[in-house]
Amino acid sequence: GLSSQITLLNLNDESAASASVEILDQQGEPLQEPLTGLPEGQTLGDFTVPASGVLNLRSDGEGEVQVGSVRVTSDRHVVGVVTFGGDVGLAGVGASELFEEGLRAPVRSNSAAGLRTGLALTDLSGGQNALMLELLDGGGQAVAQAVPDPLAASGQTALFADEVDWDSEVDFSDFNGSLAVTGAGALTGTVLETVPGEFITLPVSELTASQDGQAAVLGQAPTPRGEAPVQHVLNFAQFADGAGLSSALVLVNLDGENQAAATILLNDAGGQPLTADLEGEAVEGQTEIVIAAGGMRVLASDGEGDLAQGSAQVVSDHPLAGVIVFTGPGLGSAGVGAGEELPEGFQAPMESDTMLGINTGVALMNLESEDNVLEAQLFDAQGALAAETEITLTALGRDALFVNQFDWDQEVDFGAFEGSLRVRTSGRLAATVIQTRPGQFATQPVALKPAQ
């Protein structure tokens with residue numbers, strides 16, 4: 001009953017992309033998994049994605065569970081996501097980065113809530129890849145180490161943090177911390193939280209952050225009210241609290257030597273300070289926190305009261321990685337990572353299906369202190385322009401709407417739609433794209449302005 005959908009979006013609007021897909025098992029050997037969605041006469045080893053077009057390849061979810069990794073090769077700039085799930089939950093996992101030195105990711109577990117953190121690692125070195133795992137608590141203190149079996153060439157391993165053979169006993173009944181992974185060669189990884197019936201994507205970052213870290217340099221981005229500019233910023237285009245919907249901000253300090261001082265800014269749709277509850281305290285627009293070197297902090301809202309929606313921004317003096325975990329009754333849970341600064345715009349896959357209850361929502365966050373005019377274009381799966389419109393975001397404001405709620409200049413049949421959304425901007429913005437299914441969320445990739 002567990003199935004996967006591989007969504008590929010060609011960012012080039014002039015030329016079709018020639019591509020191939022390899023599905024590999026945990027030993028790095030080809031996994032013969034039949035997929036639907038290929039154009040007639042094309043194969044996984046040789047197919048095309050139209051200019052500005054989208055291709056969805058789907059498995060059927062039948063038979064015994066097969067686990068492995070996907071590798072896509074193309075001659076044009078193609079972005080992708082694997083949306084997988086079933087009754088056990090739904091997750092959208094974008095393409096993983098290559099890490100030469102290793103990676104770091106948050107780890108959370110809670111026995112009472114059924115919360116666990118799972119890690120999938122894939123070798124990119126082409127040879128046997130010996131691994132070292134180190135588990136740190138929320139204060140950045142090492143609590144255990146482990147040396148799992150080496151990864152086979154192009155192989156993969158997937159394990160829960162509480163299943164690792166740690167050299168010291170770890171109490172995972174209520175744990176917040178981070179995991180550092182080093183390898184003998186290049187590798188990549190995906191981290192998911194699981195709770196009964198749900199998957200939640202967590203951020204994976206370079207283990208040894210550079211001076212600029214994984215976060216964007218602040219530059220001219222908005223600064224904390226009344227404060228001097230700082231070095232790093234994380235942008236979250238969607239924040240919500242109330243009516244049962246809660247947001248948990250999970251932040252990891254990527255600097256293993258220095259504590260990070262950070263300011264959390266909350267704005268409503270109009271760019272004004274948003275009041276919300278975080279960890280039992282009322283936050284009126286902003287709050288300051290400190291995260292230990294290599295440590296992790298979780299700041300969760302309680303979901304009580306009237307629904308308040310807006311955006312969140314975290315500015316800090318050392319690089320952080322972060323995610324907002326959204327949870328709501330009957331809505332499922334989703335982990336939405338920080339959105340990078342988009343100075344010229346973005347493109348993202350769109351899907352809707354009335355019969356299956358699938359829709360795609362977009363949250364847009366203005367990073368400018370003046371109004372920001374956006375040009376939105378909708379393309380079908382073949383890359384043809386289907387409709388367009390304009391959206392104006394107020395200074396530091398945001399907007400969130402489903403693809404079928406845009407004021408398109410042409411009528412579009414969203415009963416069964418596959419395609420992409422392209423947004424061009426007059427100023428800097430950040431964006432989040434989430435696919436919704438009945439009782440489930442899944443994040444989708446947001447790619448920089450198409451490259452030619």
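**Notebook: strand β1 and the salt bridges**

I began with β1 and found this strand mostly covered, since six of its eight residues are buried (buried means under 20% relative accessible area, exposed over 50% and partly exposed in between, with a 1.4 Å probe and protein chains only; strands are DSSP runs of E with at least two residues, numbered from the N terminus). I note that this is a predicted model, in which local features need pLDDT of at least 70 and side-chain atom pairs count only at pLDDT 80 or more, while totals for chains, interfaces and linings use all residues. Residues are numbered from 1 along each chain as its sequence is written, and side-chain values use heavy atoms, with hydrogens and water left out.

**Partners of β1**

I looked up which strands pair with β1, taking two strands as paired if DSSP finds at least two bridges between them. With strand β6 (residues 78–86), β1 pairs in the antiparallel sense over eight bridges, and there I6 has V82 of β6 as its bridge partner. With strand β4 (residues 54–58), β1 pairs over five bridges, also in the antiparallel sense, and L8 is matched with L55 of β4. I keep in mind that in a regular strand the side chains alternate between the two faces of the sheet.

**Salt bridges**

I then searched the whole structure for salt bridges and found eight, counting a side-chain nitrogen of Lys or Arg within 4 Å of a carboxyl oxygen of Asp or Glu.

One of them joins the side chains of D13 and R422, at 3.3 Å from N to O. D13 sits in the loop between β1 (3–10) and β2 (17–25), whereas R422 belongs to strand β33 (residues 416–425), so that this pair links distant parts of the chain, 409 residues apart. I checked how covered the two partners are: D13 is partly exposed, with a relative accessible area of 32%, while R422 counts as buried at 3% relative accessibility.

Next I looked at R108 and E193, whose closest N and O atoms are 2.5 Å apart in a salt bridge. R108 lies in strand β8 (residues 103–110) and E193 in strand β14 (residues 187–195), a link between distant parts of the chain that are 85 residues apart. Both R108 and E193 are buried.

I also recorded the salt bridge between the side chains of E368 and R428, at 3.1 Å from N to O. Because E368 is in the loop between β29 (359–366) and β30 (372–380) and R428 in the loop between β33 and β34 (429–437), the pair ties together parts that are 60 residues apart in sequence. Both E368 and R428 are buried. Last, I noted that R58, E351 and E418 are joined into one network by salt bridges that share partners.

Notes
Helices (H or I, at least four residues) and strands (E, at least two) are DSSP runs, numbered from the N terminus.
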